[in-house]
Amino acid sequence: MAGALTHIRVLDLSRVLAGPYCTMILGDLGAEVIKVEAPGGSDETRKWGPPFQNDVSAYYLCANRNKKSITVNLKTEEGIAIIKELVADSDVIIHNFKTGTMEKFGLDYATLSDINPQLIYCSITGFGETGPYKALPGYDFIIQAMSGIMSITGNADSGPQKMGVAITDILTGLYACIGIQGALLERSQSGKGQKLDISLYESAVSALVNIGSNYLMSGEVPTRLGNHHANIVPYQTFETFDGEMVIAVGNDHQFKTLCAILGKPEYGEDERFRTNPKRVAHRTELVPLLQNIFKTKPTEYWLNQCHESNIPCGPIQQLSDVTQDPQLLARNMFVELMHPTAGPIKLIGSPLHFSRTPVSFRQHPPIAGEHNVQFGINKSYS
């Protein structure tokens, strides 16, 4: 069965993570994605490691499947001509060069839209193409710091902490993917392309969601709560007899049920804890009471008790547990492809499940310039 975007061609001039993650999703959905690098391969992630498998970086592999690769020298007239020729027959072009770079190449939106008025042109930058920060380089770590994400991550004693993955790159890649598909849908009505200007900074700030809304409403600067929730109690980790687990009580009925499981039904009727706003106000009184009980029995016991009573909970798993989780295995969340250099490679699959147009994993993350011949590119001008 064909993918949802098999009729779409994407010209991908991006590198590292935000742009490549976006185009990998489009590729999973069936789009033809042509990854463009400088001769020899200019995506920095090709050299980021260890780990490497036969000199192929695990980092590069995580965001570049379902793409073809060509190498083009954008500092030459021949290289620019190749891009313009491809643009004439493409639906989308995406890049993450610093603001002004595509203009210097002569590959700005105005120029390329003259060649192909239906072109969707997506720019990903650190801070956007306008405003006082437009010329600054943007890296995930810096954006996590500036956006406020680090200020609310960690506990009271840890100091600001970054998240364990480059979350602002991932968010930006997702927003870019959403924006591109929205523009393609609009184009089906208007027949016209348009430019998307997407930044890591704004993508990260948008992800502040309830914490940002809390501040806008109250004017109170949020503090780091570690594994606690700003608006819900109990919604956190608890130590058990032999480890830790997560409890996520979302309403008052669930809290009363949890109290019964813990053998303390009176907590559910206590005036201090009867409603969620009161539990938030009396967090420091309630949490130690619950914690003392959780420590009396092992994690597996509490997980079973909570599952039987429909109390949201879960174990804290390491990746060795995640990759063997029967739910993920049943949903085919891990896939294996054959790479011409690395050999068999294991990748995290797609969370998208379509009934008629399923995602597919057709192409290994390509070697730089692997498809030059297919697109008529030879070494004399690549």
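**A tour of the sheets and of one helix pair**

Start by selecting strand β1 (residues 9–13) and strand β2 (residues 32–37), which pair in the parallel sense over four bridges; two strands count as paired if DSSP finds at least two bridges between them, and the elements themselves are DSSP runs numbered from the N terminus, with helices being H or I of at least four residues and strands E of at least two. Within this pair, Val-10 stands opposite Val-33 in β2.

The model is predicted, so local features need pLDDT of at least 70 and side-chain atom pairs count only at pLDDT 80 or more, whereas totals for chains, interfaces and linings use all residues. Residues are numbered from 1 along each chain as its sequence is written, and side-chain values use heavy atoms, with hydrogens and water left out.

Widen the selection to the open sheet of six strands, whose order is β5-β2-β1-β6-β7-β8 and whose pairing is parallel. Its edge strands, each pairing on one side only, are β5 (68–71) and β8 (194–199). Neighbouring strands of this sheet are turned by 20° against each other on average, direction ignored.

Add helix α1, which packs on the sheet and touches β1, β2, β6 (92–95) and β7 (120–125), its direction making about 165° with that of β1; contact here means heavy atoms within 4.5 Å, and angles run from 0 to 180 degrees between N-to-C directions, with axes fitted to C-alpha atoms and, for helices, over the stretch in contact. Then show helix α3 (residues 77–87), which also packs on the sheet, touching β1, β2, β5 and β6, at about 155° to the direction of β1.

Keep α1 (residues 18–28) and bring in helix α7 (residues 167–190): the two pack at an angle of about 45°, with their axes 7 Å apart. They are therefore oblique to each other, because angles under 35 degrees count as roughly parallel, over 145 as roughly antiparallel, 65 to 115 as roughly perpendicular and the rest as oblique. To see where they meet, select Ala-18, Tyr-21, Cys-22, Ile-25 and Leu-26 in α1, together with their partners in α7, among them Ile-170, Leu-174 and Ile-180.

Move next to the open sheet of three antiparallel strands in the order β9-β10-β11, where the edge strands are β9 (235–239) and β11 (313–315). Five bridges join β9 to strand β10 (residues 244–248), and Tyr-235 stands opposite Ala-248 in β10.

Finish at β12 (residues 334–339), which pairs with strand β13 (residues 343–348) in the antiparallel sense over six bridges. A hairpin of three residues joins β12 to β13, and Val-335 stands opposite Leu-347 in β13.

Technical notes. Buried means under 20% relative accessible area, exposed over 50%, partly exposed in between (1.4 Å probe, protein chains only).
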